[in-house]
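Please read the following note with the sequence and the model open beside it. The points are numbered so that each may be checked in turn.

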Amino acid sequence: MMNDNLLAVPILVPLICALFLVILHRQVRLSRRLALGALLISFIVSLMMLIDVLKHGPITLDFGGWKAPFGIQYVGDPLSLILVTTTFLVVFMIVAFGFGRGEKRASRYYLLSFILFLTTGVVGSFLTADLFNLYVMFEIMLLASFVLVTLGQSVEQLRASIIYVVLNVIGSWFFLVGIGLLYRQVGTLNFTHIAVRVQELNDPTAIHLVAMSFIVAFGSKAALVLFMWLPKAYAVLNTELAALFASLMTKVGAYALIRFFTLIFNQSSDLVEPLLIVMACLTMLIGAVGTIAYRDIKKIAAYQVVLSIGFVIFGLATNTFYGVNGAIFYLVNDMIVKALLFFIIGIIVYTTGYRQYRHLKGLAKKEPWLGVAFIIVTLAIGGVPPFSGFPGKLLIFMGAIQHQHYISLTLMILTSLIAMYSLFRVFFYMYAGNDAKGAEVDYKPIRANRKAIVMFMTGVTLAMGLFAPMIYKVTEQATNLSMDVQQYEKMVNPELRGGS
């Protein structure tokens, strides 16, 4: 069985590397190699721990030797570790993608350090089993993201960042309120201990109030209905940062909702379930309308992110094994697919100089390989078999049928078709349209490493669909453990049994 201390590696390695890069930021090549090395080490260790956890069960790390519920605890279970492993894969590809001609400028603004700080916050959020430490990791992630979203110093970025910062500060305030209310009720901050004590409470009104606070807190970060910050922020970011935000930022909020409303608030389903269903449906509608309302391909991609969050939360809201399993599967898939989508969109904008797809006719004559990647990512987003979006949506479909959410299910199917239509519209405009205007475009060359990364990520997307049963084994264990409080307590914190 693997050493529990390895659980600190995915947090400490990127954090220490980020601090070193503050000193070495003028040495561009060295900084990039160190960042890639740190991310690769963290990815390998995370993958090793995930394989070990699937065989032997969750691993725990109690900082300072203080056992739960008194100390800060980190837990590596199938849910947290599959998200951590995917995170490092995505961030590695983003750093390898590079910043093009802006490499020196990125170095001057300590961009790699802030990317690693953000990664530390994301990974820490996935691994922590302590409520207040989750808040701390959220704030590390958000502070780094506040810097990244304003680095361009343009008026457009400033306007987008104001909305982004204000909504996230409000979300953080609700998070603190929720922590205070919950601690007053149960007197503990450890996830397992909270789950046990919540089941023993006889005051459903108080728990419902706490649950509402966390829905607002995590919903604002996941762009669940409260989406206003996302399209503007993503549209003004460069390719690498847009891919980083799209693949990670909303996913942490979605993870927190899954963790809290399966493990901790699973007794409040009579109130939480219909509320989450409504919020998921509204988010799907908002995302679908946004994808067909704009001609700006970066905004179309941004609303695809909003739409996917609606699918994930709908799966969670079914409160069934199939639905939650589908939500986890689709969440992992979406981290990969959205990074790939923003890579492709970024390359198109870079090589043509346009964001409005009506200017992109004739691109097929220059970059036909990009069309293949675009089609694959479109089919994955639409959930067409055998592509990677299909297994997650199928599981969510089964969960919705089990609880007879037929109207919401119909909406999910329709918005999935709209998501595909919006991307196919862009595709046919760029690749099958009259290229009279496209011939006038001064195409810029695409770096070979960027082509290789897009094709690699396309291969990963294909592999996730073709080898879905392997991923299903991980998400199945993650779902079983998350939805069974007694089993989670027995495997993670057995010392609490009988003395909670």
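In which sense do strands β1 and β2 pair, and over how many bridges?

1. The model under review is a predicted one. In it, strand β1, residues 59-62, pairs with strand β2 in the antiparallel sense, and the pairing runs over 4 bridges. One of the residue pairs can be named: Thr60 has Val75 of β2 as its bridge partner.

2. Strand β2 spans residues 73-76. In a regular strand, side chains point alternately to one face of the sheet and then to the other. In β2, Gln73 and Val75 lie on one side, while Tyr74 and Gly76 lie on the other. These four residues are all buried, so that both faces of β2 are covered, buried being defined as under 20% relative accessible area.

3. Ile94 belongs to helix α3. Is Ile94 buried or exposed? Ile94 counts as buried because its relative accessibility is 0%. Apart from neighbours within four places in sequence, the residues in contact with Ile94 are Glu240, Ala243, Leu244, Ser247 and Phe343. Asp203, by comparison, is 109 residues from Ile94 in sequence, and their C-alpha atoms are 47 Å apart in space.

4. Ser388 is found in the loop between α15 (368-382) and α16 (389-402). Ser388 counts as buried because its relative accessibility is 1%. With which side chain does the side chain of Ser388 make a polar contact? The partner is the side chain of Asn333, at 2.5 Å. Asn333 also appears among the residues in contact with Ser388 once neighbours within four places in sequence are set aside; the others are Phe329, Val337, Ala380, Thr461, Met464 and Gly465.

5. The next point concerns empty space. Such space is revealed by rolling a probe the size of a water molecule over the atoms. The second largest pocket holds about 610 Å³ of space. Its lining consists of 20 residues, and those nearest the centre of the pocket are Leu47, Leu50, Ile82, Met470 and Ile471.

6. Which helix gives the most to the lining of the second largest pocket? Helix α2 does, with 6 residues. At least two lining residues come from each of α2 (28-56), α3 (78-97), α14 (321-352), α18 (448-466) and α19 (468-482). Sorted by class, the lining of this pocket comprises 16 nonpolar, 2 polar and 2 charged residues.

Technical notes
Residues numbered from 1 in each chain as written. Predicted model: local features only at pLDDT ≥ 70, side-chain atom pairs only at ≥ 80, totals over all residues. Heavy atoms only, no water. Buried < 20%, exposed > 50% of the residue type's maximum accessible area, 1.4 Å probe, protein only. Pairing = 2+ DSSP bridges. Polar contact = N/O pair within 3.5 Å; in protein donor to acceptor, adjacent residues only side chain to side chain. Contact = heavy atoms within 4.5 Å. 1 Å grid on protein atoms, 1.4 Å probe; cavity = no way out; pocket = protein on both sides within 12 Å on 5 of 7 lines; lining within 4 Å. Points joined across faces, edges and corners; volume = space filled by probe spheres on them. Nonpolar A, V, L, I, M, F, W, Y, C, P; charged D, E, K, R; others polar.
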